[in-house]
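Good morning, colleagues. I should like to take you through one structure, moving from its loops to its interior. Please have the sequence and the coordinates open as we begin.

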Amino acid sequence: MKHFNYGIDFLTVGKALQIAKGEIKGTLSASSIEQVEKSAQAVEDIVSGERTVYGINTGFGPLCTTKISAKDTRELQYNILKSHSVGVGKPIDPTIAQLMLILKAHSLAQGFSGIQLSTIERIIWHIDNQAIPVVPEQGSVGASGDLAPLAHLFLPLIGLGEVYFKGERMSTERLFQITGLQPVALGPKEGLALINGTQFIAAHAVMVVDRLYNCLSHADIIGAMMIEALMGSAKPFSPRLHEIRPFKGNRHVAHRIRVLLEGSEILNAHINCGRVQDPYSLRCIPQVHGSSRNAWLHLKELLEVELNAVTDNPIILSAEETISGGNFHGQPMALPLDYAALAAAEIGNISDRRIYLSLEGKVEGLPQLLMNDTGINSGFMLPQYTSAALVSENKSLCFPASADSIPTSLGQEDHVSMGSISGRKALQIIGNLEQILAIELLCAAQAFDFRRPLRSGPALEACHAYVRTKIDHADKDRIFADDIQKAHTIITERKLIALTQSEMAQKESPFHVEFENY
């Protein structure tokens, strides 16, 4: 099994997900252990000395001027975990909580947090044994770190809170009974180091990068199927067109569509038709999908900085040098997450327009509502109602959370990022987008059937054939919710991406690689 050295190696979205799935094992190297122990000793020296350092021998937030005696510094760490555990709402996805543990272990292992080695080792035990803390989704304002969710994440270290373990949700007390574990003895500053940080925001961003990538890839494939079904032109994807407006995402998408359409009999069958130009939802796929690709790339690049950053406070450089700063502030992630959310919503918006086009019955060979015997049958009219509802819901979710700020901590934290809400909303929008794309896939496959006996390019033919192994052509009305669910499963399982990858790999250009790797 491959290994990842916490605190030393460069963490990416892909590696974080592989550690969460157990495909890579996270470990502590000798150099990381040395740095962690050096930082922990620096904290002990501060406690035994006379110098006042925020969070080590003072209170927190507005209590930063309240000096804490040496004998009370340890109790203070337990109190901070308990007092900050104020989250409400449904528990987050256990995968996101697992990612939070991974990201926090990587940050703490860099040795600037003053945390004990034994505490990091216990966090890694939770990761390796899939003992995932239960974390409520609401309560963070995304500044001073994700305080509430991180407090809940680390309650199990001191024997409190709940975990998911071996398929059950249980109290930490029961987990300790099963495993024989004992509560961690927290040292000075450890509670603060655990709850300060942006790991809730960053873990959501990891999921956004992964799931939005999947949606963007499927949007190109399904959009190409719709071009074929609606007898659209290939000219808008010409490389010469995109060389004179060379946005990376636009060029990437145009290239992908060209490759998907290569060798198409359908294209050749209407090459001399009288239609002058296609509607924007076909013609402007590179510009719209490409812009969302650029937003995805921006988020990915900034997230890689965040994944490898130290975001708690204060930072321990030595016993003589500590810095109380603002690395915990979520703004660097809040803005790109809001941008990515808008990018995801726009993919759903243009997808719904293609669905609608396929139903109009204005293109030769396509029956209205994608069914020959309508009147007694409603055809695919109602799936578009659902896509319209989801698109509208996404529009209402697009207000940027990062545009808001409410002072907290008696004014000490007077500007906050709300990045936790940015991350949660982005995943809501992407969840809706996956359903919209499922509906478009359903309609595209149905419309594709009406182009027989003509065939498309090999990649699109393989994708269509795979869809037809799961969903039959509809000659009459049925419970289309079942078909939408099957199409949704096709999208989330990513089989269509795998079917097109070999075709893409043979014809990709170097400037496209950054859109395919994370």
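**Backbone, core and cavity**

Let me begin in a loop: Met231 sits between helix 9 and helix 10 (239-243). Please keep in mind throughout that this is a predicted model. The phi angle of Met231 is near 50°, which is a positive value in a residue other than glycine. Is Met231 buried or exposed? With a relative accessible area of 17%, Met231 falls under the 20% limit and therefore counts as buried.

A second residue deserves the same inspection. Lys189 has a phi near 75°, again positive and again in a residue other than glycine. The loop that holds Lys189 runs between helix 7 (172-179) and helix 8 (190-195). Lys189 counts as buried because its relative accessibility is 0%.

I turn now to the peptide bonds. Asn313 and Pro314 are joined by a cis peptide bond, with omega at about -5°. Pro314 belongs to the loop between helix 14 and strand 8 (315-316). Another cis peptide bond links Arg452 to Pro453, and here omega is about 15°. Pro453 is found in the loop between helix 17 (419-449) and helix 18 (458-470).

Next, the interior. In soluble globular proteins, nonpolar side chains tend to be buried together. How many residues does the largest nonpolar core have in this model? The number is 131, and the residues with the most contacts inside that core are Tyr6, Ile123, Phe154, Leu194, Leu303, Phe380 and Leu441. Helix 9 gives the largest share of this core, namely 21 residues. A second core, separate from the largest one, has eight residues, among them Val47, Val53, Ile316 and Ala319.

Phe154 may serve as an example of the packing. Leaving aside residues up to four places away in sequence, Phe154 touches Leu81, Leu101, Lys104, Ile123 and Leu194. Two of these partners, Ile123 and Leu194, were named a moment ago among the residues with the most contacts inside the largest core.

The structure also holds one cavity of 30 Å³ or more. Its volume is about 50 Å³. Which residues line this cavity? They are Leu103, Ser107, Thr198, Gln199, Ala202, Glu306, Leu307, Ala309 and Thr311. By character, the lining divides into four nonpolar residues, four polar residues and one charged residue. Three helices each supply at least two residues of this lining: helix 4 (94-108), helix 9 (199-229) and helix 14 (285-307). Helix 9 thus appears in both settings, as a contributor to the cavity lining and as the source of the largest share of the main core.

Finally, the cysteines. The disulfide count comes to zero. Why does Cys215 form no such bond? The closest cysteine sulfur, in Cys398, is 14 Å from the sulfur of Cys215, which is too far, because a disulfide requires the two sulfur atoms to be within 2.5 Å. Cys215 is buried, at a relative accessible area of 0%. Cys443 is likewise in no disulfide, and the nearest cysteine sulfur, that of Cys463, is 17 Å away. Cys443 is also buried, with a relative accessible area of 0%.

With that, I have covered the loops, the cores, the cavity and the cysteines. I thank you for your attention and welcome discussion.

Terms used. Residues numbered from 1 in each chain as written. Predicted model: local features only at pLDDT ≥ 70, side-chain atom pairs only at ≥ 80, totals over all residues. Heavy atoms only, no water. 1 Å grid on protein atoms, 1.4 Å probe; cavity = no way out; pocket = protein on both sides within 12 Å on 5 of 7 lines; lining within 4 Å. Points joined across faces, edges and corners; volume = space filled by probe spheres on them. Helix = DSSP H or I, 4+ residues; strand = E, 2+ residues; numbered from the N terminus. Nonpolar A, V, L, I, M, F, W, Y, C, P; charged D, E, K, R; others polar. Buried < 20%, exposed > 50% of the residue type's maximum accessible area, 1.4 Å probe, protein only. Core = buried A, V, L, I, M, F, W, Y, C linked by side-chain atoms within 4.5 Å. Contact = heavy atoms within 4.5 Å.
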